[in-house]
Every structure is written in C-alpha cells, then in structure tokens.
Amino acid sequence: MASDENVALHSRRAAPNVASIPDPDSPGREGSGGDHRITSNGKMEVEHVISKKLQLKMKAEHLKADLMKQLDSQVNEFMDSLIEESACLEPPSVPPFFSPPLSDRERSKLRQLRPSQDHGKLFVIRRSLLDELFEVNHIRTIYHMFIALLILFILSTLVVDFIDEGRLVLDFDLLVYAFGQLPLVVSTWLCMFLSALVVPYGLFHMWASQYHTSRHRSLRSLLAGSLFLLYQGLGLGFLPTYVVLQNGLPPASRFIVILEQVRLMMKAHSFVRENVPRVLVSAQDKNSPLVIPQVSQYLYFLFAPTLIYRDNYPRNPFIRWGYVATKFLQVLGCLFYAYYVFVRLCIPQFRSISLQLFDLRVMVLCVFNSILPGVLVLFLAFFAFLHCWLNAFAEMLRFADRMFYKDWWNSTSFANYYRTWNVVVHDWLYNYVYRDFLWVSQKRFRAGAMFFVFTVSAVVHEYVLAICFGFFYPVLFCLFMCFGMLFNFILHDRRKGPIWNVIMWTSLFLGQGVLICLYSQEWYAQRYCPLKEPSFLDLLKPRSWTCHQQIAPAVESP
C-alpha cells in the first residue's frame with residue numbers, strides 16, 4: 001500500500017511539471033509557491049483515492065461472499081433435484097423374477113388394491129446431514145463445545161464426590177440400575193426377533209404360494225390375516241409387555257424391549273402391506289410368475305435402518321469399520337453424557353422438590369429449571385439414535401440411503417418439524433396411516449387423516465412411556481394432541497422468516513421443560529407415596545397430585 005501511494009504521489013508531482021513548463025521570466029517565488037500548492041493538493045487526492053479503493057475492496061469481498069452463498073445453494077438444489085429425477089427414471093435393480101411385466105388391466109387392478117407408489121418412498125444414495133455439516137469447521141466447533149460441556153460435567157461430579165466422600169466415586173450406580181437384568185432383556189429380544197422373522201414370513205409364504213390355486217381365496221385370506229393380527233397383538237404386543245411388567249425391569253431395559261417391540265411390529269406390517277398387493281395382482285394372470293420375496297431379503301429388512309420394505313435398497317461398495325466404531329463410541333459417550341445430566345441437573349432438584357408443597361411458584365420454577373436438562377436430553381437422544389446408531393447399522397449393512405432426519409433445527413413451522421425430526425418413522429406413518437386412510441376414504445377427509453396420524457403417534461408414544469416408567473401420566477399425549485395439533489395448523493409451512501424459527505425453538509424448549517418436570521415429579525411421587533392395594537382409578541390418577549399432602553405432615557413434625 002505504501003508503494004502504491006509513492007507511485008501515485010510521484011505521478012501527480014510529475015504531471016503538472018510536464019503539463020506547464022515554468023516561464024524563465026517568471027519570478028522563482030511564484031514557482032515555489034505554486035509547487036507547494038500542487039504537492040498539498042496531491043496528498044489530499046491520494047488519501048481520497050486510497051479510501052475509495054479500500055471501500056471498493058470491502059464491497060467486492062461482501063459481493064463475493066453473497067455470490068458464493070447463492071451459487072452454493074443453487075448447486076445443492078440442482079444436485080438434489082437431479083438425484084431425485086435419476087431415481088425416478090432408473091428402475092431398481094430387481095431380478096426379472098420379482099418384477100414381471102404387467103398389463104393395463106393388472107395396473108388398473110393394482111391402483112385399486114393400494115395407493116399409487118409414484119409418490120412413495122424413494123431410496124437413493126445420500127449421506128446423513130450431520131456427516132456433511134461436520135466437515136465444516138464452524139459446525140464442528142459446536143460439536144467440540146458439547147464435548148467440553150461433558151468434560152465440565154465429569155469434573156464437577158468428581159470434585160463434588162471427592163469433597164463429600166473424601167475419594168473419587170466412579171461406580172455409575174444410576175447406569176447400573178437403569179440397564180439392570182440385561183440377560184433377560186437379550187433373551188426377550190431374541191425371542192421377539194426370531195418370531196418376527198418366522199411368523200410373518202411363514203404366514204405370507206403359505207398364503208401366497210397357495211393363493212393362485214386355491215378355490216376359497218377369501219376364506220384363506222381371512223384366516224391368514226386373522227392369524228397375522230393375532231400374532232401382532234399377542235406374540236409381539238402382549239407377551240413382551242407381560243415380561244417387562246412381571247419381572248419389574250428397570251427403565252432403560254424396558255425402553256430396549258418396548259422400542260424393539262414397536263419396531264418389529266411396524267416392520268412386519270410394512271412387509272405384509274407391500275407384498276400382499278403384488279400377489280393379488282399376479283393372481284389375475286395365471287401366466288405371470290408368483291412374487292414372493294426371499295427370506296434373505298426379509299432378514300436384511302429386519303436389520304436395515306428403515307421401516308419401509310423394498311426388495312432391494314441402494315448399497316455402498318464397502319464397509320468403513322472405523323466409521324462404525326466411531327459411531328458406537330459416540331453412542332456410548334451419549335449414554336455417559338445423559339448420566340451426568342441426570343446426576344447433576346435432575347436428581348438433586350427433584351429429590352428436594354418432591355418434598356415441597358405443590359403450588360404455582362414451585363411448578364413454574366420446576367418447568368424453567370428443567371428446560372436445560374430437557375434440551376440436553378433431546379439433543380442426546382437425537383444424536384445418539386437418529387445419527388450414530390442408525391448410521392452405524394447402515395454402514396455395517398452397506399445401506400446407502402442415510403436420510404434418517406433432515407434439517408429440523410431450521411424449521412419455521414411445527415408441520416415441517418414433524419416431517420424432518422424423524423424421517424424413518426414419518427415415512428411409515430405417511431405411507432401406511434395417512435395415505436391408507438385417504439385411500440379408504442377416497443381422499444375426502446384429509447384433515448381426518450392428519451388427525452388419525454396424530455392420534456396413532458400420540459397413543460404409541462404414551463404407551464411406550466407408560467410401560468417404561470411404570471405409571472400412567474398422559475402429559476406427552478396431551479401435549480401431542482392439544483398443543484401439537486394446534487401448532488401444526490397455526491405454525492404451518494407458510495410461516496417463514498427467523499422469528500418463526502425462534503417461536504418454534506421457544507415452544508420446543510418449554511415443552512421439554514414440562515415433560516422433564518412433570519414426569520420426574522411423578523417418578524419420585526410413585527416412590528415416596530406407594531399404594532398398597534391401588535384400584536384401577538388409583539392407577540389412572542397421578543400420584544404427584546396428592547403425594548405432597550402425605551409427605552408434608554411428616555416433614556413438619558419434629
């Protein structure tokens with residue numbers, strides 16, 4: 001910059017001397033005075049040019065950044081649309097035995113048997129969003145911040161235990177309690193998995209192999225369907241729940257069994273729902289081959305991180321075992337993270353709050369004090385399961401479609417949040433609840449279909465929490481059916497802009513605080529105020545509403 005200034009100054013000094021040659025007859029004093037004036041004006045003009053140059057440079061840098069952002073977004077949109085179009089144009093690589101040519105009559109019959117698959121789930125090769133974002137240093141720094149917070153939780157726990165006990169306490173008693181009776185959990189899961197592998201596939205194979213030649217197709221179909229529903233309700237529905245309740249499994253062990261129960265029921269339904277229409281269509285033409293998936297395809301589907309059955313999925317060419325180990329280590333780290341969140345932020349607060357008289361002030365403080373642990377648990381559950389756990393199994397199975405979630409954190413409406421938070425479950429609800437409801441109602445009750453989806457999701461969520469916590473307290477059900485439905489219509493997709501994203505996050509934080517506060521209060525109330533012979537109404541009534549009335553006299557007495 002100094003060299004540019006000297007060059008400009010030299011050029012401006014030389015320019016007047018060349019343009020106006022001094023008159024020898026003119027006095028020297030006037031020449032020196034004019035030369036001084038030119039030099040002064042030149043310095044002022046050079047400073048002005050330099051400032052203008054700096055301003056133009058800054059404007060160019062801002063313009064360059066804006067253009068790069070716009071170009072990047074346009075390229076991403078173009079590539080996404082190109083991938084989707086290529087997936088639509090290229091048929092899946094299925095052997096001819098499983099994809100017989102259909103006549104116009106068969107295609108029309110297929111449209112009558114089930115909703116059109118033109119807008120169904122398309123599986124394409126794509127990475128998880130966080131894997132792409134973590135390649136950006138700015139986003140990875142946020143990940144490092146959470147690791148630093150975990151280190152602080154560990155240090156604070158160790159220091160407090162050392163002060164209280166005079167030694168380092170590393171027993172992790174909460175984790176040991178939460179994951180108790182693991183041998184029973186493993187044996188129960190093994191029985192559920194083997195039954196889900198044998199019974200649905202066996203029933204479908206027997207029905208499909210004899211459907212073409214059977215004279216009593218309706219009766220045979222009714223019998224097979226009844227046996228399948230009986231297995232879903234009794235084999236996968238009642239028996240695992242009975243094992244959980246009869247043996248008094250701790251909360252984390254209950255979550256493993258019940259979530260696997262729900263997952264296997266959804267997978268079995270998807271397998272039957274996708275393959276029965278194909279058998280019915282092939283039965284219309286006796287010359288068409290019988291469409292029955294191989295047992296290896298169904299076995300792969302039971303392990304695959306998706307709830308939508310397909311004969312084939314896009315696959316990666318190899319397995320990155322280092323990536324698998326990293327994801328499982330991150331799941332383990334999230335478990336310890338959740339342990340320290342409960343130990344440092346939840347247990348000390350709710351042990352004391354359960355002994356206090358219940359009033360509005362205590363309730364408000366409880367909700368706002370529960371927001372931080374609630375949000376941390378939300379992030380940990382999302383990162384541990386939807387990102388790490390599903391990606392680890394996808395990598396081991398070479399499952400290439402890793403879109404288990406979308407950018408739900410950018411949502412400006414709850415409608416978009418529900419679609420992007422858990423894409424795996426959303427796809428199942430959309431294909432087998434929402435679309436089938438519209439198919440049955442002939443697309444006349446879209447609002448009813450949406451309400452039915454919310455009801456099914458809320459009932460399943462509340463069932464999982466009720467069995468795993470050991471009490472019925474429909475907080476999540478009420479939030480889902482009341483505020484969730486309301487926000488779904490108020491904060492819809494037409495709401496754009498940063499303010500709506502702030503509103504979405506604020507309501508999400510408050511909802512997490514309410515859940516952690518009320519469920520934790522009820523948990524300790526069940527322990528402090530047990531009922532010896534509870535009636536059915538006592539089981540439905542929250543214990544935290546009356547437990548403080550029983551504890552207060554004991555606390556006040558000397």
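What share of the 558 residues of the chain counts as buried? In this predicted model, the buried share comes to 39%. Let's walk through the rest of the picture from there.

**Overall build**

The chain has 20 helices and zero strands. Its contacts reach across the sequence: among those between residues at least 6 apart, 78% join residues at least 24 apart. On the outside, the accessible surface comes to about 33,100 Å², and carbon and sulfur atoms account for 67% of that area.

**Nonpolar cores**

The largest nonpolar core holds 85 residues. The members that touch the most others are Trp-207, Phe-271, Tyr-298, Phe-382 and Phe-399. Helix H7, spanning residues 182-211, supplies the largest share of this core, with eleven residues.

Tyr-298 is a handy place to start looking around. Setting aside its neighbours within four places in sequence, Tyr-298 is in contact with Ala-196, Leu-197, Pro-200 and Tyr-201, and also with Ala-268, Phe-271 and Tyr-309. Phe-271, one of these partners, is itself among the core members that touch the most others.

A second core, separate from the first, has 23 residues. Phe-350, Val-367, Phe-454 and Tyr-524 are among them.

**Enclosed space**

Rolling a probe the size of a water molecule over the atoms shows where empty space is left. Here the count is three cavities of 30 Å³ or more. The second largest cavity contains about 90 Å³ of space, and 14 residues line it. Of these, Lys-121, Phe-123, Pro-305, Thr-306 and Asp-427 lie nearest the centre of the cavity. By class, the lining is made up of nine nonpolar, four charged and one polar residue.

**Two residues with positive phi**

Two loop residues other than glycine are worth a look for their backbone angles, with Gln-181 and Arg-398 each having a positive phi. The table puts their values side by side.

| Residue | Phi | Loop | Relative accessibility |
|---|---|---|---|
| Gln-181 | Gln-181: near 55° | between H6 (173-178) and H7 | Gln-181: 36% |
| Arg-398 | Arg-398: near 55° | between H13 (371-396) and H14 (414-421) | Arg-398: 25% |

Why does Gln-181 count as partly exposed? Its relative accessibility is 36%, and the partly exposed class lies between the buried limit of under 20% and the exposed limit of over 50%. Arg-398 is likewise partly exposed, because its relative accessible area is 25%.

Technical notes
Residues numbered from 1 in each chain as written. Predicted model: local features only at pLDDT ≥ 70, side-chain atom pairs only at ≥ 80, totals over all residues. Heavy atoms only, no water. Helix = DSSP H or I, 4+ residues; strand = E, 2+ residues; numbered from the N terminus. Buried < 20%, exposed > 50% of the residue type's maximum accessible area, 1.4 Å probe, protein only. Contact = heavy atoms within 4.5 Å. Areas by Shrake-Rupley, 256 points an atom, 1.4 Å probe, with all protein chains shown as cover. 1 Å grid on protein atoms, 1.4 Å probe; cavity = no way out; pocket = protein on both sides within 12 Å on 5 of 7 lines; lining within 4 Å. Points joined across faces, edges and corners; volume = space filled by probe spheres on them. Nonpolar A, V, L, I, M, F, W, Y, C, P; charged D, E, K, R; others polar. Core = buried A, V, L, I, M, F, W, Y, C linked by side-chain atoms within 4.5 Å.
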